[in-house]
Amino acid sequence: FDALVMGVPLVCLRGDWMGGCLTATMLDALGRGEWITFDRREHRERIWQLARDRQALRALRQELRREVHASALCDGAGLCRALEQAWQGMIRERHERLGM
């Protein structure tokens, strides 16, 4: 997350490990699903695509900072509302199961 906030593109190797899952979730929320890869070959190719054009990479870094700050990743109030709704739903479901 810190890399993205600083404008550094991040290519994720998705897998069944926690880091890959969390990073893929952040990239999805950011609308950068094209930076999620599923095997090592694809991972290397995607990194190479981003790194080879220095001028485009510089522009992307500036754009990425704005994208991150405008995204749901930096929406604390929205996250709070979503958590409250989830907890309220869990409480309602539990009460229904217990006949309360």
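At 1.5 Å a residue, the 12 residues of helix α3 should span 16 Å, and this agrees with the 16 Å that separates the C-alpha atoms at its two ends. The buried residues of this helix cover an arc of only 105 degrees around the axis, which puts them on the same side of α3. The model in which this helix appears is a predicted one, and the paragraphs that follow begin with α3 before turning to the core and to the salt bridges.

The buried residues of α3 are Glu42, His43, Arg46 and Leu50, whereas Arg40, Arg44 and Trp48 are exposed on the other side of the helix. What lies over the buried residues includes the strands β1 (12–13) and β2 (36–37), together with helix α4. At the N-terminal end, α3 is capped by Asp39, one of whose side-chain oxygens lies 3.1 Å from the backbone nitrogen of Arg41.

It helps to look at individual members of the two sides. Glu42, which has its place in helix α3, has a relative accessible area of 19%, and because buried means under 20%, Glu42 counts as buried. If residues up to four places away in sequence are not counted, Glu42 touches Ile36 and Thr37. Arg46, also placed in helix α3, is buried at 18% relative accessibility. Leaving aside neighbours within four places in sequence, Arg46 is in contact with Val11, Glu34, Trp35, Ile36 and Thr37.

On the exposed side, what is the relative accessible area of Trp48? Trp48, found in α3, which runs over residues 40–51, has a relative accessible area of 53%, and because exposed means over 50%, Trp48 counts as exposed. Between the C-alpha atoms of Trp48 and Leu4, which stand 44 residues apart along the chain, the separation is 18 Å.

Leu4 leads on to the interior of the model. Together with Val11, Cys12, Ala24, Leu27, Leu30, Trp35, Ile36, Leu50, Leu60, Leu64 and Val68, Leu4 makes up the largest nonpolar core, which has 12 residues in all. Two or more residues of this core are given by each of the elements α2 (18–30) and α4 (54–70). Leu50, one of the core residues, is also among the buried residues of α3. Another core member, Leu30, touches Leu4, Leu64, Glu67, Val68, Ser71 and Leu73, when residues up to four places away in sequence are not counted.

The contact between Leu30 and Glu67 brings the reader to the charged side chains. How many salt bridges does the model contain? The count comes to 6 salt bridges, and two of the residues to follow here are Arg32 and Glu67. Glu67 forms a salt bridge with Arg32, in which the closest N and O atoms are 2.7 Å apart. Since Glu67 lies in helix α4 and Arg32 in the loop between α2 and β2, the pair ties together parts that are 35 residues apart in sequence. Arg32 also forms a salt bridge with Glu34, and here the closest N and O atoms are 3.1 Å apart.

Are these partners buried or exposed, or do they fall in between? Arg32 is buried, with a relative accessible area of 11%, while Glu34 is partly exposed at 37% and Glu67 is partly exposed at 22% relative accessibility.

A further salt bridge is found in helix α5, which covers residues 76–98 and holds both Arg97 and Glu93, 4 residues apart, or about one turn of the helix. In this salt bridge between Arg97 and Glu93, the closest N and O atoms are 3.5 Å apart. Arg97 is exposed, with a relative accessible area of 59%, and Glu93 is partly exposed, with a relative accessible area of 44%. Elsewhere, salt bridges that share partners join Arg32, Glu34, Glu63 and Glu67 into one network.

Helix α5 also contains Arg81, which is partly exposed, with a relative accessible area of 47%. Arg81 and Leu98 are 17 residues apart along the chain, and their C-alpha atoms are separated by 26 Å.

Note on methods:
Residues are numbered from 1 along each chain as its sequence is written. This is a predicted model: local features need pLDDT of at least 70, side-chain atom pairs count only at pLDDT 80 or more; totals for chains, interfaces and linings use all residues. Side-chain values use heavy atoms; hydrogens and water are left out. Buried means under 20% relative accessible area, exposed over 50%, partly exposed in between (1.4 Å probe, protein chains only). A nonpolar core is a set of buried Ala, Val, Leu, Ile, Met, Phe, Trp, Tyr and Cys residues joined through side-chain atoms within 4.5 Å. Contact means heavy atoms within 4.5 Å. The expected span of a helix is 1.5 Å times one less than its number of residues. The arc is that of the directions from the helix axis to the C-beta atoms. A polar contact is a pair of N or O atoms within 3.5 Å; within protein, one must be able to donate a hydrogen and the other to accept it, and residues adjacent in sequence count only if both atoms are side-chain atoms. A salt bridge is a side-chain nitrogen of Lys or Arg within 4 Å of a carboxyl oxygen of Asp or Glu.
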